[in-house]
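Dear colleague,

I am passing on the structure below for you to look through, together with my notes on what was found in it. Please read them side by side and tell me where you would word something otherwise.

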Amino acid sequence: RGDLLREVVFTPGLRPALPPETVARFVAKRQRLAEGYAPGAPRELLEWVKERLLIPAPEWRQLMDAIARDHGLSEDAARQGLETKLTVLTPPGAADPLIVATEQAPRLRALWEGDEEEITAVLDEWLRFYGPVSPAWVAGTLGLPEDTLAPALEDLLDTQKLIQGSLLRDGAEDDVCDSENFEMLLRMARTDAAPSFTPLPGAKLPLFLAMHQGLCAPGWEIDDLRERLASLSGYPAAEMVGNNQRV
């Protein structure tokens, strides 16, 4: 139920930690890195960069690899005609350069100019493409000082757009995650945990029943079979069929 799931998301005592492999699979699809998800043309790539806002250089390289895998395009072919439409920002303190759409660069530069409202808005959009991450990772990736980042994260936590806590197995205790993403991750983890069964053809049913009833087993001899048949034999009794009786 959706209401129950939302309660779990926002109640630390009920909220389970997520398995890393589930998060990795979710992020690969969310960032269009999973097989079959990569943008297939320069125009589609540009629209994707606009949606992502800021793509760290390591993730950009993964995206180029995904495009090559899915569509056979080199990076030059994928970026054809985008030379002036993509910009690389290198904020002081950032771990890696960030690829952005040129038309969005003025707005994104507000991150490093101390515009608290804009920082909160950008973080809200940017974190939608991730699972649980630590505030330290966010600060290092974007090159934001802790005293600049903390108020923006607090605003997003207050409006329940983010949640914070021990969200990932063996992860940090102060990880943050987009609340809607965490809800989707819980659904994925629940599906992954459900046992799966493969139906077998009906022709296998007699052997299954014989094994279940102990009529056959490796190494058995005729005396073993005779003993099992004796335990399975029932007491002959009258059976009522309509108004007739038969034995």
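P56 stands opposite L98 of strand 3, and in this predicted model the bridge partner that I55 finds in strand 3 is I99. Strand 1 and strand 3 run antiparallel and are joined by two bridges. On strand 2, L89 likewise stands opposite L98 of strand 3, and here the antiparallel pair, strand 2 with strand 3, is joined by four bridges. Taken together, these pairings give an open sheet of three strands, in the order 1-3-2 and with antiparallel pairing. Strand 1 and strand 2 each have a single partner strand and stand at the edges, so one side of each is left without a neighbour in the sheet. As for strand 3, both of its faces are covered, with L98 and V100 buried on one side and I99 and A101 buried on the other.

L54 shows which parts of the chain meet around this sheet. Once its neighbours within four places in sequence are left aside, L54 is in contact with L98, I99 and V100, and also with L108, L111, W112, V122, W126 and L142. L54 is also listed, with L45, W60, L63 and L123, among the residues that have the most contacts inside the largest nonpolar core, which has 45 residues. At least two residues of this core are supplied by each of helix 3, helix 4, strand 2, strand 3, helix 6, helix 7, helix 8 and helix 9. Helix 4 gives the largest share of the core, six residues. There is also a second, separate core of 16 residues, which includes L18, F26, I163 and C177. As general background, nonpolar side chains in soluble globular proteins tend to be buried together.

Helix 4 deserves a closer reading. For its 15 residues (57–71), a rise of 1.5 Å a residue leads one to expect a span of 21 Å, and the end C-alpha atoms are 21 Å apart, which agrees. The buried residues of helix 4 are A57, E59, W60, L63, M64, A66 and I67. They cover an arc of only 165° around the axis, which puts them on the same side of helix 4. An α-helix has 3.6 residues a turn, so residues three or four places apart point the same way. The cover over the buried residues of helix 4 includes helix 3 (42–52), strand 1 (55–56), helix 5 (75–78), strand 2 (86–89), strand 3 (98–101) and helix 8 (135–142). Just after helix 4, G72 takes a positive phi of about 70°.

Is E59, in helix 4, buried or exposed? With a relative accessible area of 10%, E59 lies below the 20% cut-off and therefore counts as buried. Not counting residues up to four places away in sequence, E59 touches Q31, L33, R52, Y130 and W137.

Helix 7 (residues 116–126) can be described in a similar way, its buried residues being I119, T120, V122, L123, D124 and W126. Among the elements that cover these buried residues of helix 7 are helix 3, strand 1, helix 6 (105–108), helix 8 and helix 9 (146–158).

A contrasting case is P12, whose place is in the loop between helix 1 (2–9) and helix 2 (20–30). P12 has a relative accessibility of 60% and so counts as exposed. The C-alpha atoms of P12 and A110, which are 98 residues apart along the chain, are separated by 33 Å.

For the chain as a whole, the secondary structure comes to twelve helices and seven strands. Its radius of gyration is 29 Å, well over the 18 Å that the globule rule gives for 247 residues, so the chain is more spread out than a compact globule. Along the principal axes, the C-alpha atoms fill a box of roughly 95 × 45 × 40 Å. Buried residues make up 37% of the 247 residues, and, of the contacts with a separation of 6 or more, 61% are between residues 24 or more positions apart.

With best regards

Technical notes. Residues numbered from 1 in each chain as written. Predicted model: local features only at pLDDT ≥ 70, side-chain atom pairs only at ≥ 80, totals over all residues. Heavy atoms only, no water. Expected span 1.5 Å × (residues − 1). Buried < 20%, exposed > 50% of the residue type's maximum accessible area, 1.4 Å probe, protein only. Arc of directions from axis to C-beta. Contact = heavy atoms within 4.5 Å. Core = buried A, V, L, I, M, F, W, Y, C linked by side-chain atoms within 4.5 Å. Pairing = 2+ DSSP bridges. Rg over C-alpha atoms; globule rule 2.2 N^0.38 Å.
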